[in-house]
Structures are given as C-alpha cells and as structure tokens.
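Colleague: I should like to go through this model with you, beginning with its strands and helices. May we look at it together?

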Amino acid sequence: MKKIRDHVYLFTSVMQQLNTVAIRTSHDLVVIDPGFFPDEIQAIRDWSLSQRPTSIRAVLLTHSDFDHVAGAPYFPTYDLLVSSRWDRNNEALSLRALERFDTEFYLDRPWSPEPMAPLTRYQALADGMTYGPLQVFHIPGHTRDSISVVYQNLYVVGDYLSALEFPFINSSSTDYLNSLTRMQHLIAEYAIDLVVSQHGPPARGPDEIARRFALAFTYIEELQNRVAHAMADRLTWQQTLARVDTMTFNGRPITPGLFPAHHRNLKTLWKEYHQHVPLTPS
C-alpha cells in the first residue's frame, strides 16, 4: 500500500497489476475495486477496518468483470456501489470465470468450495451522481456498466487509459470512443492531474495523461483501418487475424497473452462495421 495523494491510497495486486484505490477523508471511506487474491483482499480489509470513518464506509466496483468483483463479499457491512446500468449478464459470466480460475489454480476463498454468489445488495449510481466526496460518471465501452470516479483532482477510470493494456472493447467501439472524449472533457472540467487506471501505474501530469489518450485513440483507429483494408482486400478471417497480429501498443508488439483480447476487439469491429459479412471464428 502506498499513499499517492492526501487521503488517497493505492493497493496493487500481482494479478494483472490490478489497482485498488482507497479514499479516506475525515468522514468517509470508499474502497474502489478491492483486490483479487484472498490475502491481498484481507490486507485491504484489515487496513480499512483500522480506519474510523464517521459517515460513509463503502466499496465501489468500476464494472462487472471477474477481477473487479472478487473482493466484494469480503466487505459485508459496507455499502456496495455499482453503476445503475449494472450488467447482470456480464456479472454471471464473471462469476463463472472466477470459479474456473479458482478451481484451475486451487485457490480457496471464504465461500469455497461453492462458487461466489451473485451480488444481491447494492446501491445503483446514476450518471453524474454525487456520493459522499465522489462524483460518478458512466463511461460505457469497455463494458456497458463501466463507471469512473472524480475525487478533487484525481480521476479513477476503471479499465481505461492503462499503460499496460490496449483498449479492451467488450461492449461497443462507438461507446468506447465517445467515453474517451467525455473523459477528456471531465479531465479539463475538474483540472485533473492524476489519473488512476485499474491496471498498471497511474498517469501523472497533463503530458502523461494526454499520451495515454493518444495510445488508446491510435490503437482503435489502427484496428478500424486494418479491418477496413482487410474487407476491401476480401481477406478471410484467418488472414485478417494475421494482419492485425503485427500491431503494436505503447511501442511494443502485442504479446501472445493478450492476443485473445485483441482478437475479441477485432471481432467486435468486424461485426459492427461489416455485419453483412459472415464470420468464421478461429
């Protein structure tokens, strides 16, 4: 755990460098995306319980992917905050993915050997809503239920603007691009100088924040262009895969471990812009 700003603490998992942000004011405590592995989550919980907020004690989930929901049951007495567009279907997929992960790697959690139960008690946050010291904004595109959080000059953006991973477009490329543009406006409006992605190091200062946006826009635009050229050249799905597998992100080739996410992005764009073309999955 490290303090990254007054009242703001960062816990980083060894799982995909998943960041948990804890915001602790004199009255409130909000834990955002509380870890992944049981010992990591327990450390966050122990620290949280050592705090003594007088008003709010809450856990906020930026979206419904499996690595972000795993810690929620460890905080049964906290208010649970999610988007008012919470995606129950994606939550169900995430719980199955979590069960597969845990059983593959023999990972025990408090509810083992049963799977994690669906989330049943939560407060749904509308777009633009104020909750305690936070402003909450919907940013669909990565998932339909993605949200971001502004606290003073800090912006927590979920799985956007990472230096480690290209955009994962699990919902809609149009939504994703619109959300990036909206995030730029919010950063200007709130004079944001520190952006925390939920994976990898934060972006500090206007130059690094602008660079993160450029990386995201460039990746999506290049993928769109390669899909358009592949269609114009009448390439097969396999030939198109080979063409996009030469892309880079942040100055480095896309690694084999991220090919599945990269290929899902390709499939999303293929379906969005060329729905009349039959797709034969690899």
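Modeller: Two strands pair if DSSP finds at least two bridges between them. Helices (H or I, at least four residues) and strands (E, at least two) are DSSP runs, numbered from the N terminus. The model is predicted: local features need pLDDT of at least 70 and side-chain atom pairs count only at pLDDT 80 or more, while totals for chains, interfaces and linings use all residues. Residues are numbered from 1 along each chain as its sequence is written, and side-chain values use heavy atoms, with hydrogens and water left out.

Colleague: Which residue of E6 is the bridge partner of Val 59?

Modeller: Strand E5 (residues 56-60) runs parallel to E6, and three bridges join them. Within E6, the partner of Val 59 is Leu 80.

Colleague: Which residue of E7 does Val 82 stand opposite?

Modeller: E6 also pairs with strand E7 (residues 123-125), in the parallel sense and over three bridges. In E7, the residue opposite Val 82 is Ala 124.

Colleague: Of which hand is the β-α-β crossover from E6 to E7, right or left?

Modeller: A crossover is right-handed if, with the strands pointing away from the viewer, the path from the first strand over the helix to the second runs clockwise. Here the chain passes from E6 through helix H3 (residues 88-104) to E7, and the crossover is right-handed.

Colleague: Which residue caps the N-terminal end of H4?

Modeller: Helix H4 (residues 173-189) has 17 residues and reaches 24 Å from its first C-alpha to its last, close to the 24 Å expected at 1.5 Å a residue; the expected span is 1.5 Å times one less than the number of residues. At its N-terminal end, a side-chain oxygen lies 3.2 Å from the backbone nitrogen of Thr 174, a polar contact (a pair of N or O atoms within 3.5 Å; within protein, one must be able to donate a hydrogen and the other to accept it, and residues adjacent in sequence count only if both atoms are side-chain atoms). The capping residue is Ser 172.

Colleague: What is the relative accessible area of Thr 240?

Modeller: Thr 240 belongs to helix H6 (residues 237-244), and a polar atom of its side chain lies 2.8 Å from the backbone oxygen of Thr 236. Leaving aside neighbours within four places in sequence, Thr 240 is in contact (heavy atoms within 4.5 Å) with Ala 230, Leu 235, Leu 266 and Trp 270. Thr 240 is buried (under 20% relative accessible area, with exposed over 50% and partly exposed in between; 1.4 Å probe, protein chains only). Its relative accessible area is 0%.
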